[in-house]
Amino acid sequence: MMIRTLSTLECTKLLAANRTGHLACAKDGQPYVVSFNYAYADSHLYAFSLLGKKIDWMRANTLVCAQVEEHTEGRGWRSVIVDGRYEELTDRIGHKVQRDHAWSVLSTHVDWWEPGALKPVTPLMSDSLPHVFFRILVEKVSGREASE
């Protein structure tokens, strides 16, 4: 196997071409990792979730890490690591534009809401809804590729 480092542009293309990755967060020194669906745009990973452990932990510690991979020919693979910062997109004044942007980026993909279990209603009217839109600001990206 040959291993090489991906350029920043190659990392960005891999993020844009995929929809599923792993999201890691930490609280009180304990790491937690979970699969998540996302859409990449303008140096952010946009995502949607119901309330739960992942959201609670990212609210407590906004530093997160995401990993996206794809398999290539034979035993080959590509993997990208994102070091970033969690930003919740509430339905409050000051965040509406970003929340609407997240909705538009995510909704370009078929059934983008399915991993969240409940489809959000249009228009989004209340913070009492259990849906949380968030984005991960990509602060640093790195990647590797393995080929035979």
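This report walks through the fold, a central strand pairing, one buried arginine and the nonpolar cores of a predicted model.

**Overall fold**

The protein chain holds three helices and eight strands. Followed along the sequence, these elements give the pattern β-α-β-β-β-β-α-β-β-α-β. Of the 148 residues in the chain, 36% are buried. If you look at contacts between residues at least 6 apart in sequence, 68% of them join residues at least 24 apart. The chain exposes about 8,400 Å², and carbon and sulfur atoms supply 55% of that area.

**Strand E5 and its partners**

A good place to begin is strand E5, residues 44-50. Six of its seven residues are buried, so the rest of the structure largely encloses this strand. E5 pairs with E4 and with E8, as the table shows.

| Strand pair | Bridges | Direction | One residue pair |
|---|---|---|---|
| E4 (residues 39-41) and E5 | three bridges | antiparallel | Ala39 and Tyr46 |
| E5 and E8 (residues 131-147) | seven bridges | antiparallel | His44 and Leu137 |

E4 and E5 also form a hairpin, with two residues between them. In that turn, Asp42 has a positive phi of about 40°.

**Arg135 in strand E8**

Is Arg135, a residue of strand E8, buried or exposed? Its relative accessibility is 14%, and because buried means under 20%, Arg135 counts as buried. The side chain of Arg135 makes a polar contact of 2.5 Å with that of Glu87. Leaving aside neighbours within four places in sequence, Arg135 is in contact with His44, Leu45 and Tyr46, and also with Arg85, Tyr86, Glu87, Leu89 and Gln98.

**The nonpolar cores**

In soluble globular proteins, nonpolar side chains tend to be buried together. Here the largest nonpolar core has 23 residues, and Leu23, Leu45, Met58, Tyr86 and Phe134 touch the most other members. Helix H1 (8-17), helix H2 (53-60) and strands E2 (20-27), E5, E6 (63-71), E7 (77-88) and E8 each give two or more residues to this core. E8 gives the most, with four residues.

Phe134 deserves a closer look. Not counting residues up to four places away in sequence, Phe134 touches residues including Leu23, Leu45, Phe48, Ile55, Met58, Tyr86 and Leu89. Apart from the largest core lies another core, of seven residues, among them Phe48, Leu89, Val105 and Phe133. Phe48 and Leu89 of that other core are thus named among the contacts of Phe134.

Technical notes. Residues are numbered from 1 along each chain as its sequence is written. This is a predicted model: local features need pLDDT of at least 70, side-chain atom pairs count only at pLDDT 80 or more; totals for chains, interfaces and linings use all residues. Side-chain values use heavy atoms; hydrogens and water are left out. Buried means under 20% relative accessible area, exposed over 50%, partly exposed in between (1.4 Å probe, protein chains only). Two strands pair if DSSP finds at least two bridges between them. A polar contact is a pair of N or O atoms within 3.5 Å; within protein, one must be able to donate a hydrogen and the other to accept it, and residues adjacent in sequence count only if both atoms are side-chain atoms. Contact means heavy atoms within 4.5 Å. Accessible areas come from the Shrake-Rupley method with a 1.4 Å probe; for residues, only the protein chains shown count as cover. A nonpolar core is a set of buried Ala, Val, Leu, Ile, Met, Phe, Trp, Tyr and Cys residues joined through side-chain atoms within 4.5 Å.
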